[in-house]
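Me: Could you take a close look at the aromatic rings in this one for me? I'd like to hear how they pair up and where they sit.

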Amino acid sequence: MNDTQQTTIIQQSQKWLEDVVIKHNFCPFAKRELLKGRIHFEVTLHDNIEECLEALIAACEQLDENKSIETSLLILPHGFNDFEQYLDLLDYADRLLEAQNYEGVYQVASFHPDYCFDEAAPDDPANYTNRSPYPMLHLLREDSIEKALAHITDPEAIPEANIKTAKHLGLETLKRELENCFTESQVTE
């Protein structure tokens, strides 16, 4: 994969962040960090669990060294299109953070094109709160999450509000918005 292809993947991911996550306020903190340029987007070309976990630790180390980066999206365009395989990677990622003494420092949030909550139907619009153009591992600073949540009256209500918003928007709207991330003429620079 060349630099142009990687740039396109990052642009598509940014478009998803802007046109789905921020537009529908699925994450009330994303807009501020995007506007401040504090979100790091990185494409990893690895297609196996071990190498992706190495990339995840490298991303943690980058966050350790660079306090101007608030959060990091590790985009995985190869090897994890199967949602069950992706869930295996996510499980290993959580265990690795704990083993590397990053538990309580960073948290991994999960996004996948076929994301499906436990006991939800695959076509449930609520799944789109975690659906993305590519499989991703999202590293968040735990202390920043705590600070941000301190300013929200009812943080436990965020997931419920997201589900309500997704169901109100409907499956077809959310599918179309996710597909629009791949429309090259609409990708922002």
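Reply: Sure. Keep in mind that this is a predicted model. There are six aromatic pairs in the structure. Take Tyr 102 and Tyr 106: their ring centres are 5.3 Å apart and the planes meet at 40 degrees, so this pair counts as tilted. That label follows because an angle under 30 degrees would be stacked and one over 60 would be edge-to-face. As for how covered these two are, Tyr 102 has 11% relative accessibility, so it goes down as buried, and Tyr 106 is buried too, at 3%. The cut-off for buried is under 20%.

Next, look at Tyr 134 and Phe 182. This pair is edge-to-face, with 75 degrees between the planes and 5.7 Å from centre to centre. Tyr 134 is in the loop between strand E3 (106-111) and strand E4 (136-141), while Phe 182 is in the segment after helix H7 (171-180), so the pair ties together parts that are 48 residues apart in sequence. The two partners are covered to differing degrees: Tyr 134 is buried at 13% relative accessibility, whereas Phe 182 is partly exposed, with a relative accessible area of 40%.

Rings also gather in a group here: Phe 83, Tyr 86, Tyr 115 and Phe 117 make up one aromatic cluster.

One last ring to check has a charge for company. The charged end of Arg 131 sits over the ring of Tyr 128, at 4.7 Å from the ring centre.

Note on methods
Residues are numbered from 1 along each chain as its sequence is written. This is a predicted model: local features need pLDDT of at least 70, side-chain atom pairs count only at pLDDT 80 or more; totals for chains, interfaces and linings use all residues. Side-chain values use heavy atoms; hydrogens and water are left out. Rings of Phe, Tyr and Trp (its six-membered ring) pair if their centres lie within 6.5 Å; planes under 30 degrees apart count as stacked, over 60 as edge-to-face and the rest as tilted. Buried means under 20% relative accessible area, exposed over 50%, partly exposed in between (1.4 Å probe, protein chains only). Helices (H or I, at least four residues) and strands (E, at least two) are DSSP runs, numbered from the N terminus. A charge sits over a ring if NZ of Lys or CZ of Arg is within 6 Å of the ring centre and within 35 degrees of the ring normal.
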